[in-house]
Amino acid sequence: MYSPPYNQLENRAELLEFMRANSFAVVVTGTGGTLHASHLPVMVHDHGKDIVIDSHMAKNNAQWKEFFDDEAMVIFAGPHAYVSPRWYEDKERVPTWNYAAVHAYGVPKVVSDSKAKYESQRRLIEAMDPKWLPQFDALRPQYVEQMLEGIVNFQIAVTRLETRWKLSQNRSRRDQLLLAAQLERSDDSVERALAALTRKHLVGDS
């Protein structure tokens, strides 16, 4: 991912928070020169210095059969919005698009152990739907086993991250504030989220 130094983010805590907040990710593989992508819910685990992505896909999805020793990419996309030249004080400007994104890389490993698969799914439910967790725990073991048989669980130990927080950091602080103010007026919650991210990462003279 093209990312100038001023757009890169290295704050580990913020990266983890971002990945977890945008956890419906795209898993991309390219074994044999053919690209495949799946949109999947993922869990992001912090193991000290290591980050592990935990996910699953339908067994009928042939993409998991490409999980050998080749690297996969997981795309986490955050808030984004069109930026109009009308928002700048200097009228000699062109449109752009601001956004935040993380690309995580690593080799997927299939999880075959039935207990580990069950625990993975339970963690996902605990995170996404904790009120339903008691009902999940009460499901018949035979039914749960049948459901688990229809999916493929996998983990990716992240070996590298690429980041881009494209928030007009190459513009003046005044321009950044003007953009944030415009985005805050939007009825779109995604654009308002981008405004908050912009204010969090203001650069230049205060």
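Reader: What makes up the lining of the largest pocket, by class?

Author: Keep in mind that this is a predicted model. By class, eight residues of that lining are nonpolar, two are polar and four are charged. Lysine and glutamate count as charged, so Lys117 and Glu149, which are among the residues closest to the pocket's centre, go in the charged group.

Reader: Which elements give two or more residues to that lining?

Author: They are β6, α2, α4 (141–149) and β7. Helix α4 gives the most, with five residues. The pocket itself has a volume of about 260 Å³.

Reader: How do you know that β3 and β7 pair?

Author: Two strands pair if there are at least two bridges between them. Seven bridges join β3 (residues 50–58) to β7 (residues 151–157), so these strands count as a pair. They run antiparallel, and alanine 58 stands opposite isoleucine 151 in β7.

Reader: Why are β6 and β8 called edge strands?

Author: Because each pairs on one side only. The sheet is open, with eight strands in the order β6-β7-β3-β2-β1-β4-β5-β8. On average, neighbouring strands are turned by 35° against each other, direction ignored.

Reader: What makes you say that helix α2 packs on the sheet?

Author: Contact means heavy atoms within 4.5 Å, and α2 (residues 114–128) touches β2, β3, β6 and β7. Its direction makes about 80° with that of β7.

Reader: Which strands does helix α6 lie across?

Author: Helix α6 (residues 189–200) lies across β4, β5 and β8, and runs at about 95° to β4.

Conventions: Residues numbered from 1 in each chain as written. Predicted model: local features only at pLDDT ≥ 70, side-chain atom pairs only at ≥ 80, totals over all residues. Heavy atoms only, no water. Helix = DSSP H or I, 4+ residues; strand = E, 2+ residues; numbered from the N terminus. Axes fitted to C-alpha atoms, helices over the stretch in contact; angles between N-to-C directions. 1 Å grid on protein atoms, 1.4 Å probe; cavity = no way out; pocket = protein on both sides within 12 Å on 5 of 7 lines; lining within 4 Å. Points joined across faces, edges and corners; volume = space filled by probe spheres on them.
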